[in-house]
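Reader: Please take one helix of this model and look at it closely. I would like to know how its faces are used and what packs against them.

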Amino acid sequence: MSRHAASGRRHGLRRGRHRLPDYQPQPRPKMLVEPPTPPIALTPLMACSPDTPQDVLWHIAEYAPHLRRWLVANPAATPAMLEYLAQVGGKDVGEALNILLESLEAHDSA
């Protein structure tokens, strides 16, 4: 008797009768990581809120021209941002900048 045959007998394996167990898939464990938050909805309120982070304000300035006029009304808008808005323009941006400058001049003269 061969060495492998003797080994198989000791472990209860018989040639030709060894059967693999039926495959029973196990569900994958769910990840414990939360899904990412959906993209931020850009609104006029967000554009003129002083609590909006600067990187979001700059994103609005660059990629949401319909909201640029609201950035002018934001007290957190930096001089660099106002200069950028004056250069790129957008709907009613010029009028918003004129209103801002007039109000600043009226405040300074008072």
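**A close look at helix α3**

Author: Start with the outside of α3: D55 and Y63 are exposed there. This is a predicted model. On the other side, the helix, which spans residues 54-63, buries V56, L57, I60 and A61. Seen down the axis of α3, these buried residues fall within an arc of 145°, so they line one face of the helix. The spacing fits a general rule. An α-helix has 3.6 residues a turn, so residues three or four places apart point the same way.

What covers that buried face? The cover includes α2 (44-48), α4 (68-72) and α5 (79-88).

Take α5. Its axis lies 10 Å from that of α3, and the two helices pack at an angle of about 10°. An angle under 35 degrees counts as roughly parallel, and α3 and α5 are therefore roughly parallel to each other. From α3, the contact uses Q54, L57, W58, A61 and E62; from α5, it uses A80, M81, Y84 and L85. By class, this contact of α3 with α5 has seven nonpolar residues, one polar and one charged. M81 touches Q54, L57 and W58, and also L71, leaving aside residues up to four places away in sequence.

Now the core. The largest nonpolar core has 15 residues. Those with the most contacts inside it include I60, M81 and L85. Two or more residues each come from α3, α4, α5 and α6 (93-109). The most come from α3, which gives four.

Note on methods: Residues are numbered from 1 along each chain as its sequence is written. This is a predicted model: local features need pLDDT of at least 70, side-chain atom pairs count only at pLDDT 80 or more; totals for chains, interfaces and linings use all residues. Side-chain values use heavy atoms; hydrogens and water are left out. Buried means under 20% relative accessible area, exposed over 50%, partly exposed in between (1.4 Å probe, protein chains only). The arc is that of the directions from the helix axis to the C-beta atoms. Contact means heavy atoms within 4.5 Å. Axes are lines fitted to C-alpha atoms, for helices over the stretch in contact, and angles run from 0 to 180 degrees between N-to-C directions. Angles under 35 degrees count as roughly parallel, over 145 as roughly antiparallel, 65 to 115 as roughly perpendicular and the rest as oblique. Ala, Val, Leu, Ile, Met, Phe, Trp, Tyr, Cys and Pro count as nonpolar, Asp, Glu, Lys and Arg as charged, and the others, Gly among them, as polar. A nonpolar core is a set of buried Ala, Val, Leu, Ile, Met, Phe, Trp, Tyr and Cys residues joined through side-chain atoms within 4.5 Å.
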